[in-house]
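Let's look at how two copies of a chain can sit together. Take a moment with the picture, then read on.

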Number of protein chains: 2
Amino acid sequence: MSGDNNIDPRIKDANGSAPRAADRILDVARDLFYRNGIRAIGVDEIVRKAGVTKPSLYRSFSSKDELAASYLRVYDKEFWERFDAAVAQHPGNPRAQIGAFLTRVGKRAVKPGYRGCGMTNAAVEYPEKEHPARLVSEENKQELRRRLRAMAAEMGAKRPDVLGDGLLLLIEGAYISGQLFGPGGPAAAVAENADRLIEASL
Amino acid sequence: MSGDNNIDPRIKDANGSAPRAADRILDVARDLFYRNGIRAIGVDEIVRKAGVTKPSLYRSFSSKDELAASYLRVYDKEFWERFDAAVAQHPGNPRAQIGAFLTRVGKRAVKPGYRGCGMTNAAVEYPEKEHPARLVSEENKQELRRRLRAMAAEMGAKRPDVLGDGLLLLIEGAYISGQLFGPGGPAAAVAENADRLIEASL
DNA sequence: ATTCATACGTACCGATCGGTAACATGTCAA
DNA sequence: TTGACATGTTACCGATCGGTACGTATGAAT
């Protein structure tokens, strides 16, 4: 099972002194948290699958909640990379930017095993406003709202804030219904409905 | 603390032989599960707040998962009561029916402490397809999707399934963003966006 | 008064939860 | 060779998890 580990002492850490264990822990935690939910996964399972032990986890992360927040910070970074990639595809054309982003979301959201947005799911799991994971999640959503409203304004919408919020509702609906309905679910229609909503709002 | 209990032996149970404890347990569980999430609440807390003991719970519910499913079955019943009330308000006018329903959802969703849809939240907490709570949740959502598509067809939409799914996305988005953003969130704009989308889809 | 069914409580189970104290090991500079 | 430091491990903590074996209180019928 664990016979073929790939640890090579000659390969120094890229950034000089970063611990190996912390990265593996975070990688495993990201996968397990996203697929199963945060509350559903215990720290024992994380360290076991990462091939380390608990003290290694708690030296790099002050608590499970903080590990969950770290998971979401990575998720946040990757989310904006995807979002910005769609934006970069259509410079100066926010309507096409939204279209590109939502087309990808719609496709991903109807694939088997899709689990929605890690941010949204975390907020559902942790209603307490002070929870470290929820704080990351709320900040991500606020920023998304700002950008959608700005894009709606850029499109020349009659009421940009209403359209921006409408697009946000469609996006969140796609995340949720993707994991609720699976393949063939309503999330496949998110891009088309968004474009129709935009059309009606200019 | 428990000095003033209101148990009156003369008052027979309404339906003859239903155990008192089961009702109190379900009432408490509904409140705690909805406000905090199912995983976040232990059976000990439920029986403590209900003023009973664990064996009483397990005599009426075969497991915590089944209790969660029972909670959702009550939720399902109340959901359709609200939905049908909006429908009954505007006979033969599905567009107005949707409008009435979403106006209420939008208002509830931006109130402090709003926790979204119990069905949706349960599906987020339990990705496993066989979970008793998830089964109830999925059935509810499938039925909602059918009805929304039927209403879209009744409106004379060009592509009723696409519009019905779009409305579902907006509704789910309102549930989620209501608990994510709190007062002032995008859920307030759900009715307006839905009507705009309908307008553009006829 | 006895019987029986029903509803409820006391006390406990093993497993797992998140978290930690104490100690071992490997790597580096001096 | 030595000492400092970061990272690793073993073994354990009290609390809580979902769930249960078994005894007890009560009321109606006999």
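Which residue of chain B comes closest to the rotation axis? Keep that question in mind as you turn the model, which is a predicted one.

## The axis between the copies

The answer is B:Gly173, whose C-alpha lies 2.1 Å from the axis. To see where this axis comes from, try moving one copy onto the other. A turn of 180 degrees, with a shift of 0.0 Å along the axis, lays chain B on chain A with an RMSD of 0.0 Å. The two copies are therefore related as by a two-fold rotation axis.

The same surface also serves both copies, as 100% of the contact residues of chain B recur in chain A.

## Where the chains touch

Now for the contact itself: 38 residues of chain B are in contact with 38 residues of chain A. On chain B, helix 6 (118–125), helix 7 (132–155), helix 8 (160–181) and helix 9 (190–201) each supply at least two residues of the side that touches chain A. Helix 8 of chain B gives the most to this side, with 14 residues.

What kinds of residues make up the side of chain B that touches chain A? They divide into 17 nonpolar, 10 polar and 11 charged.

## How far to trust the model

Chain A averages a pLDDT of 89, and 91% of its residues score at least 70. Residues 1–18 of chain A are a place for care: pLDDT stays under 50 there, and the model has 3 contacts beyond four places in sequence for them. Where pLDDT is low, the predicted coordinates should not be read in detail.

Conventions
Residues are numbered from 1 along each chain as its sequence is written. Chains are lettered from A and ligands numbered from 1 in the order in which they are written. This is a predicted model: local features need pLDDT of at least 70, side-chain atom pairs count only at pLDDT 80 or more; totals for chains, interfaces and linings use all residues. Two residues are in contact if their C-beta atoms, placed from the backbone, lie within 7 Å. Helices (H or I, at least four residues) and strands (E, at least two) are DSSP runs, numbered from the N terminus. Ala, Val, Leu, Ile, Met, Phe, Trp, Tyr, Cys and Pro count as nonpolar, Asp, Glu, Lys and Arg as charged, and the others, Gly among them, as polar. Copies are superposed by least squares on the C-alpha atoms of residues with pLDDT of at least 70 in both. pLDDT is the predictor's confidence in each residue, from 0 to 100.
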